Structures are given as C-alpha cells and as structure tokens.
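Welcome! Here is a friendly tour of one protein chain, with the sequence and the model side by side. Have a look at both before reading on.

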Amino acid sequence: MISPKDFFETLKDNHYEYFCGVPDSTLKHLCSYIDDKANDHLICANEGSAIGSAIGYHLATGKVPVIYMQNSGFGNAINPVLSMASKEIYKIPMLIIVGWRGEPGVQDEPQHIHQGKVLLPSMGAMDLDYDMLPKKFESAQRVITDVTTKIKNENRPYFLVVKKGTFDEYKGKDKADTNQLNRIDVIKEITSVFANEKIIASTGFISRELFEIREESTKNHEKDFLTIGAMGHTSQIAYAYAKHSNTKTICLDGDGSFLMHMGGTTTIKSQSNINIVHIVLNNGAHLSVGGQPTIASELELSNIARECGFEHSYSVQTLKELTNTLNEIKDKTGPIFIDIKVSKEIKKDLMRPNLTPIEMKSLFMR
C-alpha cells in the first residue's frame, strides 16, 4: 500500500501544485491528505466542474493540474474532457486520478457493478490514455514520472486508475461540528410525521439510515425509493415522481448531492403544482466518502430554494425548530424546501440494504 504523504510528495516533486475534484471512498485517505496539506485545492460540486477548473488553471499558469474523482462521476467529466481538453481540440494537459469502484471480481455495492465493468473498455473506446496505479510505492513513483512526461510532451489529459486498497489510512484533521441534530433522529421524525407519504432518498448514508429505520420498525420498505447511485439526481427523480403520481412526495437529499447538480432545483419555477417536500440533511461534508467538506454550511440554501420557486422555504438548526417546521408543513401543499443542519455523527455498524435494487423498485411501484 502507498502512504498518502509519499504519493502527495511525489506529485509535488513532479511539479503538480493545483488539486481539485470530488471526494471518493477509494481515494478518501489521499483526498483527506490533499485537503489538509495542499496549498491550492478546490473541492468541486461535480466532476465536470473539476475539469473546467483544471482548464482555467492551465490557461492562467501553463502548469498541469491534478483532478481526482470516483469512476461513478466519470460521466460528468467526459463532456469537458472530450469537447475541450482533448488532443483533438485544445490539448489541455492534466492528470486525472480515478478511484475504481465495481472492479470486476471485487465485492462492491450494486450501483457500482456496471460502471466498474465498463470503465476500462469505455476509456479505450474514447481514446483516453490511462495507466493503472501500482500498489507498491516505488512502482507508483515510476508510473507518475512516466505519465508526467507523456502529459507534458503530448499536451493531453491522462488518467490514473486506482484500485481499492491502494492507499494507507490517513486520519485527517478534525473539522468543527457545531450542529446539534443527529441525522438518524431527524429521519425518524420525518418518517413519523409523513407516515403515509412516499420518500425518495439520496445515495450514501441517508439511504442506508432510512432502510435501517424501516427494518427496525415496520420492515416495510414499500414507501421508500433509495437512489443508491446517480449522486446529484435525487431531486429530479423526486420532482418528476411527485408531479406524475400526483402525490405528496418527500425528497431526502444530502448537501453534497444537492450541490452537485443544483441547477435542477430551478426547474421548480417552470412547473406548477408539484407537491414535493425537498429536505436537505446538511452536515457540510461528503460524509459517505471520507468527510471532506462541502460549501453548503456557508450557504443559505433556503434562500436559494426560495429564488428557485419554492413557495415555502425553511432553515432548521434545533430540535424545537424541526418539530415546529414539520408540524407546520405536514398539511401544506408543496413545493416546500427545508435545509436541516445535522451533525457528522455516523452510527457504527450501519446496515446495508438486504434487498436487491429490483426488489426495492418493485415494492415501491406496487
């Protein structure tokens, strides 16, 4: 395994100074180290934005940026890579580090299986240059040096694919957590108040927590659709479901997911009579992939939602505010938006869904 410190120092030795991307569980120890140690680092809303930021950096400095991402976000990056950075267009040099979830033969979550299987073939089909990062440091050093030479000589994007278990553990600096509300307690309160409504939940811990709450109480999962992949698209699934089912629908979103494709929220203004309650459980962190910060804790998401067309929009920080807000809106017709500040606390041994995606979809639609 490779020490994040040694890898980072190798990048610096090869004159990489700018880092940007979207945190990933496979790369979480490296991402945490970069967040703590890099002088010039930007955590982006989505992977396409990271490629755009890297292009801007190169245009301003002539230097080569480093981008990191999970292969589940590879699709977000493809448009700016192929239509802008490509050797066929602007020839923008960049090093793109991709964590490989769903590698064939390696146990992983169902949402990663298909993307993991097609990652390398799709890179080949798109004429994208890549190397596999070795798990031994000395070999990794040689690969970084060789890849850097190719990037600079050919002025093109180059990918490094990283397998699970490549990096040693790194415990990042503790980030301040001033929020009082425990997320599981908040979800329990929401499921109690909206006992008869359908819930569409975001990827990561939120879906797992909702599933465990149902399993420990009713064992009935018919009211819930878990967006186990497709980060950033939970709200659009929920908006369309609410509109076309003509039922009040609860969207349980995370702040990282909300920010990733925040433009989708603006569609509320162009549509009428969507009975949606869009709730963002905001801990200001990419908690499911290592806890790296988001910018959401510094934004008034309720104000953004109000400008996007939500008739009722609230910000909640305390248990009393949560209770009062949920009681106030339970009989209201949407669109309604609630930004709930929750802590970064994670339940140990949180269960994973024991139903297949097809089983969960069938239950929900039935």
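Which residues are linked with Arg101 in a network of salt bridges? They are Asp108 and Lys164. Keep in mind as you explore that this is a predicted model. The notes below start with the sheet, move on to a helix and the charged pairs, and end with a few residues that deserve a second look.

**The open sheet**

- Six strands form an open sheet, and their order is E8-E7-E9-E10-E14-E13.
- The pairing in this sheet is parallel.
- Strand E8 (224-226) and strand E13 (312-316) each have a single partner strand, so they stand at the edges with one side left without a neighbour in the sheet.
- From one strand to the next, the twist averages 15 degrees.
- For a detailed view, find strand E9 (residues 249-254) and strand E10 (residues 276-282), which run parallel and are joined by six bridges.
- Leu252 has its bridge partner in E10, namely Ile279.

**Helix H11 and its buried side**

- Which residues of helix H11 (residues 301-308) are buried? They are Leu301, Ser302, Ala305 and Cys308.
- These residues cover an arc of only 120 degrees around the axis, so they lie on the same side of H11.
- What do the buried residues of H11 pack against? Their partners are helix H10 (255-260), E10, E13 and strand E14 (336-341).
- Just after H11 comes Gly309, with a positive phi near 115 degrees.

**Charged pairs**

- Side chains of opposite charge can pair when their charged atoms come close.
- How many salt bridges does a search of the whole structure find? The search finds 16.
- One of them joins Lys87 to Asp127, with the closest N and O atoms 2.8 Å apart.
- This pair links distant parts of the chain, 40 residues apart: Lys87 is in the loop between helix H4 (74-85) and strand E4 (94-99), while Asp127 is in the loop between helix H5 (110-125) and strand E5 (130-132).
- Lys87 counts as partly exposed, at 31% relative accessibility, and Asp127 also counts as partly exposed, at 43%.
- Asp224 and Arg214 form another salt bridge, their closest N and O atoms being 2.7 Å apart.
- Asp224 belongs to strand E8 and Arg214 to helix H8 (residues 205-217), so to speak a link between distant parts of the chain, ten residues apart.
- Are Asp224 and Arg214 buried or exposed? Both are buried.
- Glu215 and Lys219 meet through their side chains in a salt bridge of 3.4 Å, N to O.
- In this pair, Glu215 counts as buried, at 18% relative accessibility, whereas Lys219 counts as exposed, at 55%.

**A buried charge without a salt bridge**

- Asp255 sits in helix H10.
- Asp255 is buried yet has no salt bridge. Its nearest side chain of opposite charge is Arg183, 6.2 Å away; a salt bridge needs a nitrogen and an oxygen within 4 Å, which is why this pair does not count as one.
- Leaving aside neighbours within four places in sequence, Asp255 is in contact with several residues, among them Val280, Asn282, Gly284 and Thr294.

**A buried residue in helix H3**

- Ile55 lies in helix H3 (residues 47-61).
- With 7% relative accessibility, Ile55 counts as buried.
- Neighbours within four places in sequence aside, Ile55 is in contact with Pro80, Met84, Ala85, Ile92 and Met94.
- Ile55 and Val316 are 261 residues apart in sequence and 38 Å apart in space, C-alpha to C-alpha.

**Backbone details to look up**

- Where is the cis peptide bond with omega near 15 degrees? This bond runs from Gly334 to Pro335, and Pro335 is found in the loop between helix H12 (319-329) and E14.
- Lys219 is not a glycine, although its phi is positive, about 60 degrees. You can find Lys219 in the loop between H8 and E8.
- Asp349 is not a glycine either, and has a positive phi of about 60 degrees.
- Asp349 is in the loop between E14 and helix H13 (357-365), and counts as exposed at 76% relative accessibility.

Methods
Residues are numbered from 1 along each chain as its sequence is written. This is a predicted model: local features need pLDDT of at least 70, side-chain atom pairs count only at pLDDT 80 or more; totals for chains, interfaces and linings use all residues. Side-chain values use heavy atoms; hydrogens and water are left out. Two strands pair if DSSP finds at least two bridges between them. Helices (H or I, at least four residues) and strands (E, at least two) are DSSP runs, numbered from the N terminus. Axes are lines fitted to C-alpha atoms, for helices over the stretch in contact, and angles run from 0 to 180 degrees between N-to-C directions. Buried means under 20% relative accessible area, exposed over 50%, partly exposed in between (1.4 Å probe, protein chains only). The arc is that of the directions from the helix axis to the C-beta atoms. Contact means heavy atoms within 4.5 Å. Lys and Arg count as positive and Asp and Glu as negative; His and the chain ends are not counted.
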